[in-house]
Structures are given as C-alpha cells and as structure tokens.
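Trainee: I am new to this structure and would like to take a close look at a single part of it, namely the charged side chains and how they pair. Could you walk me through that part slowly?

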Amino acid sequence: MIRHTRILKMMAAMACILGMQGCTADVEQDGAPDDLSKELKVSARIASNVVTRSYQPEGRVEEGEYYLSYPQNNQNRSYTLAIVDFDRQAAETPGLGIVNTLAGSELKWSDIGGSPVTFYLDNVSNEYGTDTLVNFTDANNRFVAGLFDTDEGSNDLLWGEKSVNSGTRSLSFDLHHYMSRVKVEVAVVKEEDAFEDITLEGATVRITNLYPRPKSYSRISGTLYLDEEDNSGITIVDPDTPGYGWVETNTDDPDRTVYYSPDIVLPPQALAEDASRSQLEIELADGKIYSGILPHTMMIANYIDNELTYPVTLAFLKEYVLTIRTVITEEPPELAIMPVWVTKWVDKGEFTMEAHQSGIYNAPEFIKLIDYYNKFNEYQLQRYGYLFTPEGTTQEKWLFQFFSSVTLDYTSIYNKMRPGTTVMTESGEVKGVTKNFEFDFTNYGIFISNGGDEVQVNANELYRVVTGNLDWNGLTR
C-alpha cells in the first residue's frame, strides 16, 4: 500500500483493540491539563460484516485510508477534514490509526472546540474537495454502479458517526454500508416438446431507468445524491466484459437450468412510479429479448418468526441486497418476474424481505383497483394483474388475481366497474373504461358481505356484481 506522505508513523500499541469483548468503549482521560495536547486515535469495524476493503476477522478495519470530519476549534457547526491511515504493515497495533489534519499534523483535542462532539468517519477520497459535501466529477468516479467483490472494493461506501466528550483519546466507530446491492437469478424451464431450447450462455442482462452515478456526497449524513441527468440503467451480465459473466449455473434439475449473476453495487434509490419504471431485460445471444417491469412492493418479514408483516415500496435500499428472481419458459416462450427477495448484506438469522407478487391481498386494495380502473390508469393496475389477449381474439383484457382470502363489502363494489362505458371522476373528468377484465382467485375463498350477512362467490359472480349484473338478492343462497 502507498502511504500518504503527510501521515506520521503510528503510535505505540494500546491495550484494547476494537473487536475484543470488553475493549470497545472509547477511552477517556483523567482530566489532567495536558490531556488536550494528546493525539487522537481511531479504530473501526464494519457493523454488517461482509467482504469489503477490510478482510480481517470481526470486520475490523486494518488497512486503507479513511476520512474523519471534525468540528473546528470553537465552531462546532463548521466541520473540516482529517485523514486516518490504517496500515497493518506499519502499525504497531493493527486496527489503530492516528488522525492527521490536511496540514500534516496530528489532530489533538486542543484543535477541536466544544463538548460533546460528533465525529464522522467514511472512506470517500478527498480528491474531489475537502469540505463536508463532496462533488463527484465524471472522471474517476469511484461510486458508479459496478461489480461488488473486486480486489479494492472500490465502490463500497462505508460511513459511521460517534459522539464523545472532550478528552476522549480513542474513537471506536461502527461503520455501515451506504450503498445498495442487486443481483439476478434466472431459471430456464425446459419443456419436453418445446419448439426450441433456450440458453442464456452469451446473454446480456440489464435493468433500465436506474441512476448509476452519484452527483455528490454528504460526509455529515452519509447520503449519496444521485446524478438525475443520467438514468441509463445498469448492465448486470455482459459476456463481452471480464467479470460480468454468469458466476454460476445450476443444472442439477434436468427440467430447468438456473443462472446466477454477479452482485452489482449501486447508489441507493427509489424506482419510478410511472411509465418510466425500471424493467429487467434479458437479451439472448441470438438477439431475442425478454423483459418485465419490476414489482411495485415488497413485504418485510418479522425477523423472529419470519412471518410476513406489512408491505413497503420496492426500492434499492442501502445495506441490503435485492435479488430479482425470474423464470423463462420455453413453451410458450415468456418471462415471468417472481417475487423479489431483499435481504441484509449479511445473513441476520431469519430476517428477510420479499416482494409482493402483483395481485389483490385485502379489501382496501380491491377498492383501489376499482378506482384505478375507472380512471383508466393502466400503469397502476399492474399492481393487481396484467393484460392478456384471450386465445382466438384480438382484444386485450385484464386478469386481476387474488392471493389471499378477502371479504368485500357489497355496497362498496356493486355496479362500480363498467367496461365499455364512461365514468365521472371527483374532479369532473370523464374517462373511458374500454378494456374488459376477469378475476382469478388462485384457490382462495372470496366473500361478499352485506349488513352482517356473508356469501362466498366464484370469479364469474364477482364479475357480475362489480358490473351491476347481479345484485344481492341474486347472490342470496
């Protein structure tokens, strides 16, 4: 490792090293007048331990150049920068670094004002500026979306904060990942009488309409701000680029082959909620393209019993890896996006997150479906089903699927969906409802209640109720 010329030699060994039980607390001095003239020392560990620039046990940082933001003397709200050099080759105590100002002198408490004080530690180079807001340039941008487990871990942003009282000699940081990870699994289902065999050897896999570049970074909050002028998306598998091929192919099942992409690290971000929403595209070597829109929501699971609890909007979250699972069938050839699994970078026991498959899970969602249908908002209707063309016809229609037993209120749904007619919205707009629909209960029981009475219905009966062709008297068993 090339050492920074302004970094002075590490101090003598200390008794406690971060990561050993009972020795992780910050060390405060006895209040002697010369305590504030002592140099400041830093140790750090990765809170969610994965392979990063730190390859040591327990995630302890033992090499690499890190950056400490600290308040200037008597100006607690104005932060400046110092450098921490973790060099296990030169350090007499591995994992312990001395803090040096940009002027090359050791940082001491006499250089810092106020108490208590909050410090911030990260691994973002100061070559783009020395203040607390780093502005990235197009050239040499380390944190553009790219492969995760490279030798340098070049786009693995780590960040932590620590509040201590004046005189504390050793700062112990827990650093957290502030980037997101994504990978893709694709299963090709083989059919005995398929017209052709599909192989993903030589295929290219992309996710469209993502922001691959950060524009700036705040050392105080650890936040990456996106370059919103570039939404070119990312390529996860590229046969022409070294390191971007499939990392594994599983052929244990004779009826399917599963392909696994490498992990890509990218800036955390939400997904567009309009027609620009990200899609997964798989382009085969022969040029054929399969694509699908990414799901809208994901379910967070209770880490204690792994039971699904509540839905959240699907997004690329910092410190999480999102696995997009897809299936390609050979006959008919089509791509289906399965529930998206989102997990911590490190396995935290039973804690998982998974995406909602597009469908209806409760009564309020059905009421929203009616509203979107009447407003002819086809994009939002994708939350609850999909368009298809029935065999022997040329007219598209919606298939809305239930994935849970649901009880619907009769007065809230009767005569509320009228295909081929027009409706008046609350704002006075008239929208044409032109496409027909049908329901699929996927083996769940669907009920309609009215004044305390309740009756189970089939898919055809529900269709007739919502279109006004079957009233409550006709439902009474």
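Mentor: Let us begin with Glu-191, which counts as partly exposed because its relative accessibility is 32%, and which is placed in the loop between β11 (180-189) and β12 (204-207). Please keep in mind that this is a predicted model. Together with Glu-248, Asp-252, Asp-253 and Asp-255, Glu-191 forms a negative surface patch.

From that loop we can move on to strand β12 and the salt bridges, of which the structure holds 10. In one of them the side chain of Arg-206 meets that of Glu-281, with 3.7 Å from N to O; Arg-206 belongs to strand β12 and Glu-281 to strand β20 (residues 279-283), so that this pair links distant parts of the chain, 75 residues apart. Arg-206 is partly exposed, at a relative accessible area of 26%, and Glu-281 is likewise partly exposed, at 22%. Arg-206 also meets Glu-283 in a salt bridge of 2.7 Å, N to O, and because Glu-283 lies in strand β20, this pair ties together parts that are 77 residues apart in sequence. Glu-283 counts as partly exposed, with 23% relative accessibility.

Another salt bridge joins Glu-396 and Lys-435, whose closest N and O atoms are 3.2 Å apart. Here Glu-396 sits in the loop between β29 (385-388) and β30 (397-401), while Lys-435 sits in the loop between β33 (430-433) and β34 (437-440), 39 residues apart. Glu-396 is partly exposed at 32% relative accessibility, whereas Lys-435, at 15%, counts as buried. Returning to the earlier pairs, Arg-206, Glu-281 and Glu-283 are joined into one network by salt bridges that share partners.

Key
Residues are numbered from 1 along each chain as its sequence is written. This is a predicted model: local features need pLDDT of at least 70, side-chain atom pairs count only at pLDDT 80 or more; totals for chains, interfaces and linings use all residues. Side-chain values use heavy atoms; hydrogens and water are left out. Patches are made of residues with over 30% relative accessible area and no salt bridge: like charges are joined within 9 Å, nonpolar side chains (Val, Leu, Ile, Met, Phe, Trp, Tyr) within 5 Å. Accessible areas come from the Shrake-Rupley method with a 1.4 Å probe; for residues, only the protein chains shown count as cover. A salt bridge is a side-chain nitrogen of Lys or Arg within 4 Å of a carboxyl oxygen of Asp or Glu. Lys and Arg count as positive and Asp and Glu as negative; His and the chain ends are not counted. The place of a charge is taken as NZ of Lys, CZ of Arg, CG of Asp or CD of Glu. Helices (H or I, at least four residues) and strands (E, at least two) are DSSP runs, numbered from the N terminus. Buried means under 20% relative accessible area, exposed over 50%, partly exposed in between (1.4 Å probe, protein chains only).
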